[in-house]
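Visitor: Please show me the model. I would like to know what stands behind the labels.

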Amino acid sequence: MPDSNITKRALAQAMKELMAAHPFSKISVGDICEACGMNRKSFYYHFRDKQDLVNWIFESEFVETLQVDEDTSGWSLLACMCHYFYRERVFYRRALSIEGQNSFRDYFIQAIHPFLQVFTQELFHEQDVTVSDFYITFLSDALLASIVRWLSESTPMDPDTYLSLCRSLLVALAKSVFRGMPEEFEHDA
């Protein structure tokens, strides 16, 4: 399959270059093919549509390249993702603005689900699937909104500063919640 990956990477590079200059909605499959000297048949052999290509870029450049073992913390996974998004922020500013069926936002939520499972397990040691799913859904929605806002800034702060502020906020919120919690609930938390 090396030829397949070469073709996919060429299409991905063309898409990234086009998205740096044009909104996603203004880019056609024909534009992508023209930019890398391929025909539409080659594109459709590898991808269903241009949304599928955008999702594959995240999958192949980030998800598949992660080195995860049982010692990998949820926070270190988040740090890796933020550094990757920051490096590729021109592309992801546009990718995260795509809405509708098969959007990158929907794909991103699905892709980060396993990472958030690790993160929530570290935090809560929760065994109840319903409760765990609530935590994951809440965190994925919050994370998506925060990343979109962060990358949409004209000059986003560096990822280490962003992560530090996120951590400070979460710690302060946790302290505030526990400080205002009645004594009988503190034992359950």
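**Labels and their cut-offs**

Guide: Start where H4 starts: a side-chain oxygen of aspartate 49 lies within 3.2 Å of the backbone nitrogen of glutamine 51. This is a predicted model, where local features need pLDDT of at least 70, side-chain atom pairs count only at pLDDT 80 or more, and totals for chains, interfaces and linings use all residues. Residues are numbered from 1 along each chain as its sequence is written, and side-chain values use heavy atoms, leaving out hydrogens and water.

Visitor: How do you know that the span of helix H4 agrees with its twelve residues?

Guide: The expected span is 1.5 Å times one less than the number of residues. For residues 50-61 that gives 16 Å, and the end C-alpha atoms are 17 Å apart, so the two agree.

Visitor: What makes H4 largely enclosed by the rest of the structure?

Guide: Buried means under 20% relative accessible area, exposed over 50%, partly exposed in between (1.4 Å probe, protein chains only). Ten of the twelve residues of H4 are buried, so the label fits. Among them are Leu53, Trp56 and Phe58.

Visitor: Why is asparagine 102 called partly exposed?

Guide: Its relative accessible area is 33%, so asparagine 102 falls between the two cut-offs, 20% and 50%. Asparagine 102 sits in the loop between helix H6 (89-95) and helix H7 (104-124). Its phi is positive, about 60°, although it is not a glycine.

Visitor: At what angle do H5 and H8 pack?

Guide: Helix H5 (residues 74-87) and helix H8 (residues 129-152) pack at about 35°, with axes 11 Å apart.

Methods. Helix = DSSP H or I, 4+ residues; strand = E, 2+ residues; numbered from the N terminus. Polar contact = N/O pair within 3.5 Å; in protein donor to acceptor, adjacent residues only side chain to side chain. Axes fitted to C-alpha atoms, helices over the stretch in contact; angles between N-to-C directions.
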